[in-house]
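Here is a friendly walk through one protein model, with an eye on how its side chains meet. Have the viewer open, and let us begin with a ring.

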Amino acid sequence: MKISGLQRKENIINNIEYLIKSRGETKASFANRTGVTRATLYKILEGKVSNVQHSTIIRIADFFGVSCEIIENSDLRHIELIEKTLSPEGDKNPAAIPVVPQTEFISRLENRIGYLVTQYPLTWYFGEVSNVIALRVEKNIGNTFRVGDMLIIKRKTPPKKKQLALFFSEEKGFFFRLNSDSVSYMTLAGELLIGTVVEERVI
């Protein structure tokens, strides 16, 4: 059945959002590994691209192992629910976590979460919440995270495959590495592993 251009656009947006969330990706890791630029990805997700190029759909489909036809013409979430594939977010309750500004983050790194929630604003997070804290970006981190973005971080935890490891050094400030191999989270002299970026929220 042929669908309208508007329905195709909505399917693409909904399916990309669902795939990123359900497959444990972040928008940054997705952009880095597919070659779809972060700017293009956000324009698509914000509905600013009227007709997403087929070559972009192919990149996304190849990356997730899903057919182009499904991404363009179907509701993948509904298909996977029918197949009894549960989303990892399914039955989790939200937890309040502290939002610490970037300029204070290193000095607060060793503080207990219980103390930090009494000192800083809170945000909600769905997921495993042991030792989880939010960083409010006040100075761009590389070309990926910008002022006002929020990073949800599992402190001092090495990343799993496809996750970002956030580091700090006096020389570089905050920076990250994508965990594409077994050594990407290892620290060099003068570097501090902050933890794993488990979610990102951008303005």
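This is a predicted model, and our starting point is Phe145, which counts as buried because its relative accessibility is 1%, under the 20% cut-off. What does Phe145 pair with? Its partner is Phe176, and the two rings meet edge-to-face, with 5.6 Å centre to centre and 65° between the planes. The pair links distant parts of the chain: Phe145 belongs to the loop between β3 (132-136) and β4 (150-155), while Phe176 is in strand β6 (residues 173-178), 31 residues apart.

Now for the other rings. The aromatic pairs come to five. One of them joins Phe30 and Phe63, again described as edge-to-face, at 5.5 Å centre to centre and 80° between the planes. Here too distant parts of the chain are linked, with Phe30 in helix α2 and Phe63 in helix α4 (residues 54-64), 33 residues apart. Are these two rings buried or exposed? Phe30 is buried, since its relative accessible area is 0%, whereas Phe63 is partly exposed at 22%. Elsewhere, ring pairs join Phe105, Phe168 and Phe174 into a cluster.

Some rings also have a charge sitting over them. The charged end of Lys172 is found over the ring of Phe175, 4.5 Å from the centre of that ring. Arg177 places its charged end over the ring of Phe167, at 4.5 Å from the ring centre.

Phe30 and Phe63 also lead us to Glu25, because both are on its contact list. Leaving aside neighbours within four places in sequence, Glu25 is in contact with Ile20, Phe30, Arg33, Phe63, Phe64 and Lys162. Glu25 lies in the loop between α1 (5-22) and α2 (27-34). Is this residue buried or exposed? Glu25 is buried, because its relative accessible area is 7%. Its side chain also makes a polar contact with the side chain of Ser29, at 2.5 Å.

Finally, step back along the chain to α1. This helix has 18 residues and reaches 25 Å from its first C-alpha to its last, close to the 26 Å expected at 1.5 Å a residue. Many of its side chains may catch your eye in the viewer: the buried residues of α1 include Arg8, Lys9, Asn11, Tyr18 and Ile20. Ile20 is also one of the contacts of Glu25. After α1 comes Gly24, whose phi is positive, near 75°.

Key:
Residues numbered from 1 in each chain as written. Predicted model: local features only at pLDDT ≥ 70, side-chain atom pairs only at ≥ 80, totals over all residues. Heavy atoms only, no water. Helix = DSSP H or I, 4+ residues; strand = E, 2+ residues; numbered from the N terminus. Buried < 20%, exposed > 50% of the residue type's maximum accessible area, 1.4 Å probe, protein only. Polar contact = N/O pair within 3.5 Å; in protein donor to acceptor, adjacent residues only side chain to side chain. Contact = heavy atoms within 4.5 Å. Phe/Tyr/Trp six-rings, centres within 6.5 Å; stacked < 30°, edge-to-face > 60°. Lys NZ or Arg CZ within 6 Å of the ring centre and 35° of its normal. Expected span 1.5 Å × (residues − 1).
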